[in-house]
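Biologist: I would like to learn how to read a structure like this one. Please take me through it feature by feature.

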Amino acid sequence: MPATAGERPLTPAARRVLQVAGELFYERGIGSVGMELVAAEAGVTKKTVYDRFGSKEALVLAYLRARDERWRAFLTRWIDPVPGPRDRALATFDALGEWLSTECGRGCSMVNACAELPDPRHPVHAVAAEQKAWVRDLYAGLVADGTLADQLLMLHEGAVVAFSVAGVRDATAKARAAADALLPGKVSGGGP
């Protein structure tokens, strides 16, 4: 788990607060969840929440970073055993399908946070941009082609929206098929 804004290790109570806050923010929306509810659901005092995180903004950022950390670890574990950069790039869509069906039914937490907090200067935008850049860089490392990496990122993000908003349950399979058609038979990347 990530440390708080002050980089102190999280206590068990702070980890519980972060877990509960993450569930509430994702399921109900950031604006709909107050610190009182987080404290009550985590079984701590509001003072404990503020002592550990300092502010709701810091708690929101910790939630997004923790969720991003889980996503990165999940995706990396999924594609690491897959041989070859082309197949690894395609496997990202398989991993995304699993993530969407188990962790992400309401869409991307990063995009949701940016939609709720639309000021581009709000720190959630930087966290979201870092997460999207990481996915794009993953693709770029696998396919060694910036334009193709952008296209794969767009297929990836589009699959999330099609699944969570339009109800296209096989969106990742369709995005994978499109990626398969875009990718040359052999790619020169080596990837992470």
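Modeller: This is a predicted model. Start with one residue, Thr92, which is buried, because its relative accessible area is 0% and the cut-off for buried is under 20%. Thr92 is found in helix α5.

Biologist: Which residues does Thr92 touch, not counting residues up to four places away in sequence?

Modeller: Thr92 touches Leu75, Ile79, Leu138 and Tyr139. Two of these partners, Leu75 and Ile79, also appear in the list of α4 residues that meet α5. Leu138 and Tyr139 belong to the α7 side of another contact, and we will come to that one.

Biologist: What should I check about helix α5 itself, starting with its length?

Modeller: Compare the expected span with the model. Helix α5 covers residues 85-102, and at 1.5 Å a residue its 18 residues should span 26 Å; the end C-alpha atoms are 26 Å apart, so the two agree. Next, look at burial: 13 of the 18 residues of α5 are buried, so the helix is largely enclosed by the rest of the structure.

Biologist: Is Arg86 buried or exposed?

Modeller: Arg86 counts as buried, because its relative accessibility is 17% and the cut-off is under 20%. Arg86 is found in helix α5. Leaving out residues up to four places away in sequence, Arg86 touches Asp180, Leu183, Pro184, Gly185 and Val187.

Biologist: How do I describe two helices that pack together?

Modeller: Two packed helices are described by the angle between their axes and the distance between those axes. Take α4 and α5: their axes are 9 Å apart and the packing angle is about 130°. The two helices are therefore oblique to each other. The crossing of α4 past α5 is right-handed.

Biologist: Which residues of α4 and α5 meet?

Modeller: From α4 come Arg67, Arg70, Trp71, Phe74, Leu75, Trp78 and Ile79, and from α5 come Arg88, Ala91, Thr92, Asp94, Ala95, Leu96, Glu98 and Trp99. Sorted by class, the contact of α4 with α5 has nine nonpolar, one polar and five charged residues.

Biologist: At roughly what angle do the axes of α5 and α7 cross?

Modeller: They cross at roughly 155° and come within 8 Å. That makes α5 roughly antiparallel to α7, because angles over 145 degrees are classed that way. The crossing of α5 past α7 is left-handed. On the α5 side the contact is made by Pro85, Arg88, Ala89, Thr92 and Phe93, and on the α7 side by Leu138, Tyr139, Leu142 and Val143. The residues of this contact of α5 with α7 divide into seven nonpolar, one polar and one charged.

Biologist: How buried is Leu142, and where is it found?

Modeller: Leu142 is found in helix α7. Leu142 is buried, with a relative accessible area of 0%. Sequence distance and spatial distance can be read side by side here: Leu142 and Val187 are 45 residues apart in sequence, and their C-alpha atoms are 7.7 Å apart in space. Val187 is also one of the residues that Arg86 touches.

Biologist: What follows α7 along the chain?

Modeller: A loop lies between α7 and α8, and Ala144 is in it. Most residues other than glycine have a negative phi. The phi of Ala144 is near 50°, a positive value.

Biologist: How do α7 and α8 pack?

Modeller: Helix α7 (residues 123-143) and helix α8 (residues 146-164) have axes that come within 8 Å and cross at roughly 130°. That makes α7 oblique to α8. The crossing of these two helices, α7 and α8, is right-handed. By class, the contact of α7 with α8 has eight nonpolar, two polar and four charged residues.

Biologist: Which helices do the buried residues of α8 pack against?

Modeller: They pack against α4, α5, α6, α7 and α9. The buried residues of α8 include Leu148, Leu152, His156 and Phe163.

Biologist: Is Val111 buried or partly exposed?

Modeller: Val111 counts as partly exposed, at 43% relative accessibility. Val111 is found in helix α6. Leaving aside neighbours within four places in sequence, Val111 is in contact with Lys132 and Glu157. The C-alpha atoms of Val111 and Val161 are separated by 9.8 Å, and these residues are 50 residues apart along the chain.

Definitions and conventions:
Residues numbered from 1 in each chain as written. Predicted model: local features only at pLDDT ≥ 70, side-chain atom pairs only at ≥ 80, totals over all residues. Heavy atoms only, no water. Helix = DSSP H or I, 4+ residues; strand = E, 2+ residues; numbered from the N terminus. Expected span 1.5 Å × (residues − 1). Buried < 20%, exposed > 50% of the residue type's maximum accessible area, 1.4 Å probe, protein only. Axes fitted to C-alpha atoms, helices over the stretch in contact; angles between N-to-C directions. Parallel < 35°, antiparallel > 145°, perpendicular 65-115°, else oblique. Left-handed = near helix turned anticlockwise from the far one by under 90°. Nonpolar A, V, L, I, M, F, W, Y, C, P; charged D, E, K, R; others polar. Contact = heavy atoms within 4.5 Å.
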